[in-house]
Amino acid sequence: GGGIGGLTAAVALLRAGADVTVFEQVSGLLPVGASLQLGPNATRLLRELDLLEPLRAVASLPEAVDLLRWDDGTLLLHAEHGDAAELHFGTPQLDFFRPDLHRVLVAALPPGVLRLGARVVAADDDGVVLDGGERVAADGVVAADGIRSPLRQLLVGREEPTFSGTVVYRGVIPRAAAGDLHPDGTNRYWIGPYRHGVSYWISRGELLALNLGVQQADWSEESWTREVPAEEADAYLDGWDDALRERVRRCGTVLRGGVFVRQPIDRWTYGRVTLLGDAAHAMEPFQAQGAAQAVEDAYVLGACVAGCAGDVETAFRRYERIRMDRAVELQAQARDAGFEFFLEDGPAQRERDERFRRLPDTQPFGTRQRVWEYDVRAALTEASTATP
């Protein structure tokens, strides 16, 4: 698959000295998707892959993050970012228009590595079979084919992704139409009963991203591309802060998609075939870790293959051991963060708001600080010195 996980894995494996082919079923690279974030836990790895500087050139760097009350925009938590956060973590959080990120990753691949219009229908220890019958030999196969991964179904058995209960609306507004709404570089999160709104700059500050999560919505279907009028999203915001509602309205149209997750499984690796990214551990978006965890996967996979002396199966099992617990933990954290954001007004909500008020005393960079401080390179080092 030629998404964020598959392309990053290709870059990491090429650096490891492997011959790589990426099979992507679509016949042309289209500007699919809206916004996404990569925290320092991912950007420090992208720096190691010589991708950080080209990614900076297309991203936006947030100055701060504000968590706001749903109905009147009252500030619940302010966390500085920008230079201070980059100094602390070593690399920045970067916010992207997904097509910009995708173009940088494609450009990092040598000619001929990415094969478009090539749909994989089967995989085993000897390689893959494409739609039409072509067999391509390989020493190892990485199934980075998304949340509805056909290869995962072949390996694990038929089990469908689970609807999380949340529908997300995603839109973008050009700066010319949004500068008065959002004049600074602060990322804003409105949290309230069964709703969650996010707004931040992407694409070098030329686009304002808007994401709205809705629980108990009237519709659910996993999709990156279904476009609907912004009025559909705004209808869920009766009584909410007009600053958020005006952002929704100015989008004009938004992309609508149900949030689906993958339940943890006992293993990702089946001989010389392994899972990566959403195919392994699709998670809810409330920690902004879906793409970042695919990057962690890709980096570890490349490092394991680099040291495998041709034993791909052992490399894949090592990758699985290093990555599975971390990914499962982040799946749970993302789910719990959603529960916390969506609280109805009442005692639990007031207790949450008080925790937010105290949080800067221990975590000045906000609710995701511990997630971002994790460095998967330390896990690689620990695994390399552990007793087999």
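Arg69 counts as buried, at 18% relative accessibility. Buried means under 20% relative accessible area, exposed means over 50%, and partly exposed lies in between (1.4 Å probe, protein chains only). The side chain of Arg69 meets that of Asp71 in a salt bridge, 2.8 Å from N to O. Asp71 is partly exposed, with a relative accessible area of 29%. A salt bridge here is a side-chain nitrogen of Lys or Arg within 4 Å of a carboxyl oxygen of Asp or Glu.

This is a predicted model, in which local features need pLDDT of at least 70 and side-chain atom pairs count only at pLDDT 80 or more, while totals for chains, interfaces and linings use all residues. Residues are numbered from 1 along each chain as its sequence is written, and side-chain values use heavy atoms, with hydrogens and water left out.

## Salt bridges

The structure holds 31 salt bridges. Three of them are set out here.

| Pair | N to O distance |
|---|---|
| Asp71 and Arg69 | 2.8 Å |
| Glu340 and Arg355 | 2.2 Å |
| Glu354 and Arg358 | 3.4 Å |

Glu340 and Arg355 meet through their side chains. Glu340 lies in helix α12 and Arg355 in helix α13, so the pair ties together parts that are 15 residues apart in sequence. Helices (H or I, at least four residues) and strands (E, at least two) are DSSP runs, numbered from the N terminus. Glu340 is partly exposed, with a relative accessible area of 23%. Arg355 is partly exposed too, at 32%.

Glu354 and Arg358 form a salt bridge within α13. The two are four residues apart in that helix, so about one helical turn separates them. Glu354 has a relative accessible area of 30% and counts as partly exposed. Arg358 is also partly exposed, at 40%.

Elsewhere, a network of salt bridges links Asp180, Asp234, Asp242, Arg245, Glu246, Arg249 and Arg250.

## Pocket and cavities

Glu340 and Arg355 appear again at a pocket. They are among the residues nearest the centre of the second largest pocket, together with Phe356, Leu359 and Thr367. Its lining has 15 residues. Three elements each give two or more of them: α12 (312-341), α13 (347-358) and α14 (369-373). α12 gives the most, with five residues. The space in this pocket is about 280 Å³.

Its lining has six nonpolar, four polar and five charged residues. For these classes, Ala, Val, Leu, Ile, Met, Phe, Trp, Tyr, Cys and Pro count as nonpolar, Asp, Glu, Lys and Arg as charged, and the others, Gly among them, as polar.

Pockets and cavities are found on a 1 Å grid over the protein atoms alone. A cavity is a set of points where a 1.4 Å probe fits but cannot get out; a pocket is an open set with protein on both sides within 12 Å along at least five of seven lines; lining residues have an atom within 4 Å of a point. Grid points are joined across faces, edges and corners, and a volume is the space filled by probe spheres set on the points.

There are two cavities of 30 Å³ or more. The largest has a volume of about 130 Å³. It is lined by 13 residues, and Val65, His81, Gly366, Thr367 and Arg368 lie nearest its centre. β3 (64-69) and β4 (75-80) each supply at least two lining residues. By class, this lining has eight nonpolar, four polar and one charged residues.

## Loops and surface

Most residues other than glycine have a negative phi. Asp50 has a positive phi, near 60°. Asp50 sits in the loop between α2 (40-48) and α3 (52-56), and is exposed at 55% relative accessibility. Tyr194 also has a positive phi near 60°. Tyr194 lies in the loop between β12 (186-192) and β13, and is partly exposed at 25%.

Arg204 is in the loop between β13 (195-202) and β14 (207-215). Arg204 counts as partly exposed, at 46% relative accessibility. Its C-alpha atom is separated by 43 Å from that of Asp125, 79 residues apart along the chain.

Val26 lies in the loop between β1 (22-24) and β2 (35-38). At 37% relative accessibility, Val26 is partly exposed. With Leu29 and Leu116, Val26 forms a nonpolar surface patch of about 220 Å² accessible area together. Patches are made of residues with over 30% relative accessible area and no salt bridge; like charges are joined within 9 Å, nonpolar side chains (Val, Leu, Ile, Met, Phe, Trp, Tyr) within 5 Å. Accessible areas come from the Shrake-Rupley method with a 1.4 Å probe; for residues, only the protein chains shown count as cover.
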